Amino acid sequence: MSVSRGKLHTTVSSALEDRILGGELKVGDKLGSESAIADEFGVSTRSVREAIQTLETKGLVRRRHGGRTTVVREDVHEFIDTLAVTVRQQLAADPGYLEQLMQARRMIETETIELLMTRDPSVTPDVEAALDRMRIARDEGDFTGFVVADAAFHLALVHSSGNRILAIMYDNFANLIGEMIQLSSRVPTKSLDEAYAEHAEIFACIRDRDEAGAQALMRAQIDRSADYLRVAIAKAQQKED
Ligand SMILES: [Zn+2]
């Protein structure tokens, strides 16, 4: 097999990634020295360093100064596995569960927008604060911070409605919705850029009192989340089989 020079580190990182995800290398295991890995794959130590950098970005290894590189699992797969447990349990009990939850979310959040139109100001400062946190997290590539702010954005919108019954209802499944948001955002088809833009657009419509526009965007966003979620759950289940 001939591999172009630029792709050497990719070959090494894919091979090591397979060993970690396949369980051949476990959490806490140490990788070989750079020169040992270089010998094994017949590449330069520079390519090995690049490969390890890639694995570190993916949350699969951690480098320590003066020490050997250690295997960790802070990656997408592990994250989806953990989060998917609750959702999968619910889905196992009732396959219509995801559909029902998304229907309930769509009802509450689109009707919330109608209520916001009657208020002055339409939303509390918490909404814009959450949006600001999403933007900062996007700029920093801070995925976890982003999803926390994303959930806070939706929660703040419902609380802005001034309807305490609605707020109580939403709070009751806010944790689950938070998990759903985390899980669906983890599907790599959606960038933080796109996700932020969607929310900023909804916020702008609400601020401009464009009720129909805000509702259409919110509905579309929740429907897309449901699609992402189906993909995430399918992936998590494939891994189990
Ligand atoms: Zn959102």
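Start at glutamine 215, which is buried with a relative accessible area of 12%. This is a predicted model. Glutamine 215 belongs to helix 10, and that helix runs over residues 211-240.

**Stop 1: around glutamine 215**

Show the neighbours of glutamine 215. Leaving out residues up to four places away in sequence, its contacts are Thr110, Ile113 and Glu114. Now draw a C-alpha to C-alpha distance from glutamine 215 to glutamate 114. It reads 8.1 Å, across 101 residues of sequence.

**Stop 2: arginine 209**

Step back along the chain to arginine 209. This residue sits in the loop between helix 9 and helix 10. Check its backbone: phi is near 60 degrees, a positive value in a residue that is not glycine. Arginine 209 is partly exposed, because its relative accessibility is 37% and that class lies between 20% and 50%.

**Stop 3: the zinc ion**

Select the zinc ion. Which protein atoms are its donors? They are OD of Asp150, NE2 of His154 and NE2 of His199, at 2.0 to 2.1 Å from the ion. Along the chain, the donors follow the spacing D-x3-H-x44-H. Histidine 154 is in helix 7 (residues 143-160) and histidine 199 is in helix 9 (residues 192-207), so this pair ties together parts that lie 45 residues apart in sequence. Are these two histidines, 154 and 199, buried or exposed? Both histidine 154 and histidine 199 are buried.

**Stop 4: arginine 138 and its partners**

Next, select arginine 138 and show its side chain. Its relative accessible area is 25%, so arginine 138 counts as partly exposed. Follow the side chain to aspartate 139. The two form a salt bridge, with 2.9 Å between the closest N and O atoms. Aspartate 139 is exposed, at 52% relative accessibility.

Now add aspartate 193. Arginine 138 also makes a salt bridge with aspartate 193, where the closest N and O atoms are 3.7 Å apart. That pair links distant parts of the chain: arginine 138 is in helix 6, aspartate 193 is in helix 9, and 55 residues separate them. Aspartate 193 counts as partly exposed at 48% relative accessibility. Keep the three residues on screen together. Arg138, Asp139 and Asp193 form a network of salt bridges.

Add tyrosine 196 to the view. Where does the charged end of arginine 138 sit? It sits over the ring of tyrosine 196, 4.8 Å from the ring centre. Do not look for aromatic pairs elsewhere: a search of the whole structure finds zero.

**Stop 5: a cis proline**

Move to proline 121. Its place is the loop between helix 5 (97-116) and helix 6 (125-140). Inspect the peptide bond that joins aspartate 120 to proline 121. That bond is cis, with omega near -5 degrees.

**Stop 6: a salt bridge within helix 3**

How many salt bridges does a search of the whole structure find? The search finds twelve. For one within a helix, select glutamate 50 and arginine 46. Their side chains meet in a salt bridge, at 3.5 Å from N to O. Both residues lie in helix 3 (residues 45-57), four residues apart, which is about one turn of the helix. Glutamate 50 is partly exposed at 29% relative accessibility, whereas arginine 46 is exposed at 56%.

**Stop 7: helix 1**

Finish in helix 1, which spans residues 8-21. Select serine 13, a residue of that helix. Serine 13 is buried, with 5% relative accessible area. A polar atom of the serine 13 side chain lies 3.1 Å from the backbone oxygen of threonine 10. Beyond residues up to four places away in sequence, serine 13 touches Ala51, Thr54 and Leu55.

Go on to glutamate 17, also placed in helix 1. Why does this glutamate count as buried? Its relative accessibility is 15%, and the class is defined as under 20%. Show the contacts of glutamate 17, again without residues up to four places away in sequence: they are Leu55, Lys58 and Leu60. Leave Leu55 selected for the last view. Leu55 is touched by serine 13 and by glutamate 17.

Notes. Residues numbered from 1 in each chain as written. Predicted model: local features only at pLDDT ≥ 70, side-chain atom pairs only at ≥ 80, totals over all residues. Heavy atoms only, no water. Helix = DSSP H or I, 4+ residues; strand = E, 2+ residues; numbered from the N terminus. Buried < 20%, exposed > 50% of the residue type's maximum accessible area, 1.4 Å probe, protein only. Contact = heavy atoms within 4.5 Å. Donors = N, O, S within 2.8 Å, 3.2 Å for Na, K, Ca; no water. Phe/Tyr/Trp six-rings, centres within 6.5 Å; stacked < 30°, edge-to-face > 60°. Lys NZ or Arg CZ within 6 Å of the ring centre and 35° of its normal. Salt bridge = Lys/Arg side-chain N within 4 Å of Asp/Glu carboxyl O. Polar contact = N/O pair within 3.5 Å; in protein donor to acceptor, adjacent residues only side chain to side chain.
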